[in-house]
Amino acid sequence: MSTAARIDFLKGHGTENDFVIVPDPDGRLDLTAAAVARICDRRAGLGADGVLRAVRAAAHPEARAMADEAEWFMDYRNGDGSVAEMCGNGVRVFARYLLHAGLAEAGDLAVATRAGVRRVHVAKTGDVTVGMGRAALPEGSAVITVGERTWPSRNVNMGNPHAVAFVEDLTHAGALLDAPGVAPAAVYPEGVNVEFVVDRGPRHVAMRVHERGSGETRSCGTGACAVAVATARRDGTDPALTGTPVTYTVDVLGGTLEITELPDGTVEMTGPAVIVAEGTLDRAWLAGGTA
Ligand SMILES: N[C@@H](CCC[C@H](N)C(=O)O)C(=O)O
């Protein structure tokens, strides 16, 4: 385990879904759930929706099997310290970080995640495109409740679980300070990210999200993919049936993402990813001290 007094970090965001990036190439850092929650605290810490620890795939037990395909593993944690399988905005920011740090060249690269290897196209500047893999549409659906209102939802898995509910007005989701009701809870034994969706125009929707482990965020990349997939089923534009790719523009509170589903069921996401700051964290503070 590394014992340096200071730990490097960077801060970045993708459509205002913000992350603290912790470079840990050799996997030496014992990044506990409590330490992640401390970093993500918006008052007493740096503030972020989640943490992206950058570890060489060969140095991480969960990623070693992917090391032939991807040099780097994105160890993603939610703001409360919990582990999640995948983060769509995170993987764009992660790729931007690799370029920024000189650890990868512009062009095509692969990133190992708990949901498998994701292929990313990243230019020197501008948007980043990620192959998000195949969406799964598991059996079972849940009813979402906020206050007096309820909606049926569509179960979409993008490596992580989503419940997509079409609503009349995004304000009906309320303040989203608490997680919406999801019943029956057994549909999502590991918890779920909940998206609320309204139409904005042809193949254009807007969403809000309450994320498992992070609360309401200003964007969720896997959530936007889940929304596009659910909307294509609703609209009858499912590429597996039409044989034609379909692209949805998904507005989130922090910007806009373009999501394309291909006839083979794979999903691509394009959107911004920026690094905004770099610094060091005090190890004693991270371990729970007040230093
Ligand atoms: N914001 C992310 C999703 C992060 C993980 C999620 N909260 C979960 O627990 O599944 C994204 O951009 O996809």
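**Exercise 1.** Is Asn78 buried or exposed?

*Solution.* The model is predicted: local features need pLDDT of at least 70, side-chain atom pairs count only at pLDDT 80 or more, and totals for chains, interfaces and linings use all residues. Residues are numbered from 1 along each chain as its sequence is written.

Step 1. The criterion: a residue is buried if 20 or more other C-beta atoms lie within 10 Å of its own, exposed if 12 or fewer, and partly exposed in between, with C-beta atoms placed from the backbone.

Step 2. Asn78 has 24 C-beta neighbours inside 10 Å, so Asn78 counts as buried.

Step 3. Asn78 lies in strand 4 (residues 72-78); strands are DSSP runs of E with at least two residues, helices are runs of H or I with at least four, and both are numbered from the N terminus.

Step 4. Beyond four places in sequence, Asn78 is in contact with Gly50, Ala84, Arg212, Gly213 and Ser214, where contact means that the two C-beta atoms, placed from the backbone, lie within 7 Å.

**Exercise 2.** Assess the setting of Gly107 in the same way.

*Solution.* Step 1. Gly107 is found in strand 5 (residues 107-113).

Step 2. Because Gly107 has 11 C-beta neighbours inside 10 Å, it counts as exposed.

Step 3. His121 is 14 residues from Gly107 in sequence, and their C-alpha atoms are 5.5 Å apart.

**Exercise 3.** Locate the positions that UniProt gives as "active site" and describe their surroundings.

*Solution.* Step 1. The unreviewed UniProt entry places this feature at Cys87 and Cys220. UniProt positions are in the numbering used here, feature names are shortened, and annotations may be inferred rather than shown by experiment.

Step 2. The two positions span 134 residues in sequence, yet their C-alpha atoms are no more than 7.7 Å apart, so they gather at one spot.

Step 3. Cys87 lies in the loop between strand 4 and helix 2 and is buried, with 30 C-beta neighbours inside 10 Å. Its contacts beyond four places in sequence are Gly50, Tyr76, Gly221 and Thr222.

Step 4. Cys220 sits in the loop between strand 15 (215-217) and helix 3 and is buried, with 36 other C-beta atoms within 10 Å. Beyond four places in sequence, Cys220 is in contact with Asn17, Asn89, Asn193, Val209 and Glu211.

Step 5. The "binding site" feature of the unreviewed UniProt entry includes Asn17, Asn89, Asn193 and Glu211.

**Exercise 4.** Compare the span of helix 3 with its expected value, and examine its burial.

*Solution.* Step 1. The expected span is 1.5 Å times one less than the number of residues. For the 15 residues of helix 3 this gives 21 Å, and the end C-alpha atoms are 21 Å apart, which agrees.

Step 2. In helix 3, 12 of the 15 residues are buried, so the helix is largely enclosed by the rest of the structure.

Step 3. One of the buried residues is Gly221, which has 28 other C-beta atoms within 10 Å.

Step 4. Just after helix 3, Gly236 takes a positive phi of about 75°.

**Exercise 5.** Describe the domain division and the contact between the domains.

*Solution.* Step 1. The chain is divided into domain 1 (6-127 + 274-286) and domain 2 (143-271), with bounds from an automatic or database domain assignment.

Step 2. Their centres, taken over C-alpha atoms, are 24 Å apart.

Step 3. The contact takes 19 residues from domain 1 and 21 residues from domain 2.

Step 4. On the side of domain 1 that touches domain 2, helix 2 (residues 88-100) gives the most, with three residues.
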